[in-house]
Amino acid sequence: MRMMRYIYTYEVKSISGKSVSHLNELYADWVRKVIEENKKFKYAGAQPKRNKLSKIEALIDIVENTLFPIYTEEQIKKEMPYVISKYKNKWFIHGSLPDGWVGGVFEIIINSETSEIESLIHSE
């Protein structure tokens, strides 16, 4: 059976503009807060080649090429499917855990215009 690599993409267009639903507004607020809070976890490792990221496959390649050497491929694949969100020019990608599992997941923020990894953490 093939494992799905990511769960969905979700682009947050505007927090202050008209939202489709109350849920969209809450999600947009949460993504904005996470991006703001994660700024303190500045990524100091090697950066990918600078490109505008418009394809999910290229984004996933950057995520996996960055995370596998740090946390191991086996660990990161346990956090599939990945959840991918976009707020303004920031991609926010994090892992997920099966229902009932306790633990942390990776959180990575990548600039969509430059492909620069801005922050990277693994929660507890």
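**Close-up views of a predicted model**

**View 1. Surroundings of E79.** Outside its neighbours within four places in sequence, E79 contacts G95, S96, G104, V105, F106 and H122 in this predicted model. The residue belongs to the loop that joins α3 (73–77) to β2 (82–87). E79 is buried but makes no salt bridge, and K78, the nearest side chain of opposite charge, is 8.9 Å away. A polar atom of the E79 side chain lies 2.8 Å from the backbone nitrogen of F106.

**View 2. The aromatic pair of Y82 and F106.** Two aromatic pairs are found in a search of the whole structure. W30 and F92 make up an edge-to-face pair, with 5.7 Å centre to centre and 65° between the planes; this pair is shown in View 3. Y82 and F106 also form an edge-to-face pair, at 5.5 Å centre to centre and 80° between the planes. Because Y82 is in strand β2 and F106 in strand β4 (residues 106–111), the pair ties together parts 24 residues apart in sequence. Y82 and F106 are both buried.

**View 3. The aromatic pair of W30 and F92.** The edge-to-face pair of W30 and F92 links distant parts of the chain, with W30 in helix α1 (residues 22–38) and F92 in strand β3 (residues 90–94), 62 residues apart. W30 is partly exposed, at a relative accessible area of 38%, whereas F92 is buried, at 0%.

**View 4. Helix α2 and the residue after it.** Helix α2 (residues 56–71) comprises 16 residues and spans 21 Å from first C-alpha to last, close to the expected 22 Å. Its buried residues include I56, L59, I60, V63, L67 and F68. Just after α2, T72 adopts a positive phi of about 80°.

Note on methods. Residues numbered from 1 in each chain as written. Predicted model: local features only at pLDDT ≥ 70, side-chain atom pairs only at ≥ 80, totals over all residues. Heavy atoms only, no water. Helix = DSSP H or I, 4+ residues; strand = E, 2+ residues; numbered from the N terminus. Expected span 1.5 Å × (residues − 1). Buried < 20%, exposed > 50% of the residue type's maximum accessible area, 1.4 Å probe, protein only. Lys, Arg positive; Asp, Glu negative; His and termini not counted. Salt bridge = Lys/Arg side-chain N within 4 Å of Asp/Glu carboxyl O. Polar contact = N/O pair within 3.5 Å; in protein donor to acceptor, adjacent residues only side chain to side chain. Contact = heavy atoms within 4.5 Å. Phe/Tyr/Trp six-rings, centres within 6.5 Å; stacked < 30°, edge-to-face > 60°.
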